[in-house]
Amino acid sequence: MEELVAIVVDGRSLAVSKSTIVLQALRDHGIDIPALCYYPALEAYGSCGLCMVEVEIRGNAIWKPRHACLLEVEDGLQIKTATPRLQRLRAWAAQILLRDRPFHNSEAEGLLLKLVQDKTADGQVLSGSTTEGCILCGLCIRMCRKIGKNRLTFLGRGKNLRIGLVPGAGNKASCGNCCACRNICPTGFISPDAEHAFKARLYKE
Ligand code: SF4
Ligand code: SF4
Ligand code: FES
């Protein structure tokens, strides 16, 4: 039988499955917090920075921000999902992600703009990305790995960090364009297909 633990979210006690990720436990109970780099069937990566919650450390009334997608539930865990500090943290994260505009997916862009408005000191949207349209969330890499193709990877570093096809002779052949990566991409970067997106715009031999 499924083992349950009790957590407290915004003052409300919830019974959740042991070993569940906090973000998933919140979603299972209809509590929605922003998250662009999480997908239940894939290992969490914690890159978008939007899913922050505050948790109480060992019941000592000290609250610390944590990534809900990287945190496992434990019995008695106290969580806050909507505080001024979290609004600021999410707004800063959104501000950074918006440097990668424009996005094909206007829904993702709208979510980020909404998070930024009035919650950052300057309300500004930054610019200057080298990966226009891609927020480097890594979902495409994780999905491609999950389906056993493993054709995508991070390339470069620092400002040159980008997603590309795994270097090697295999790149000369088609990856098959199964669309799994395109379907999971939150910004719509992989359009019309993976090979077009990564070879034409990011991949360099
Ligand atoms: S389209 Fe190609 S790169 Fe994308 S998930 Fe499928 S095999 Fe991987
Ligand atoms: S191409 Fe899409 S899924 Fe892949 S890292 Fe960029 S935004 Fe994420
Ligand atoms: S969903 Fe947690 S950091 Fe992106």
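**Two ligands and a hairpin**

Me: Which ligand takes up the space of the largest cavity?
Reply: In this predicted model, local features need pLDDT of at least 70 and side-chain atom pairs pLDDT 80 or more, while totals for chains, interfaces and linings use all residues. Residues are numbered from 1 along each chain, chains are lettered from A and ligands numbered from 1 as written, and side-chain values use heavy atoms, without hydrogens or water. A cavity is a set of points, on a 1 Å grid over the protein atoms alone, where a 1.4 Å probe fits but cannot get out. The largest cavity is the space taken by ligand 1.

Me: How many residues of the shell around ligand 1 are nonpolar?
Reply: Among the residues around this ligand (a heavy atom within 4 Å) are Cys144, Lys149, Leu152 and Asn177. The shell holds one charged residue and one polar residue, and its nonpolar residues number nine.

Me: Which cavity holds ligand 2?
Reply: Around ligand 2 are residues including Cys134, Ile163, Thr187 and Phe189. Its shell has ten nonpolar residues, two polar and no charged. Ligand 2 sits (more than half of its atoms within 2 Å of the grid points) in the second largest cavity.

Me: Is Asn160 buried or exposed?
Reply: Asn160 lies in the loop between strand E6 (152–155) and strand E7 (162–165). Because its relative accessibility is 53%, where over 50% is required (1.4 Å probe, protein chains only), Asn160 counts as exposed.

Me: Which residue in E2 does Ile7 stand opposite?
Reply: Strands E1 (residues 4–9) and E2 (residues 12–17), both DSSP runs of at least two residues, pair in the antiparallel sense over six bridges, where at least two are needed. They form a hairpin with two residues between them. Across this pairing, Ile7 stands opposite Leu14.

How values were computed:
1 Å grid on protein atoms, 1.4 Å probe; cavity = no way out; pocket = protein on both sides within 12 Å on 5 of 7 lines; lining within 4 Å. Nonpolar A, V, L, I, M, F, W, Y, C, P; charged D, E, K, R; others polar. Helix = DSSP H or I, 4+ residues; strand = E, 2+ residues; numbered from the N terminus. Buried < 20%, exposed > 50% of the residue type's maximum accessible area, 1.4 Å probe, protein only.
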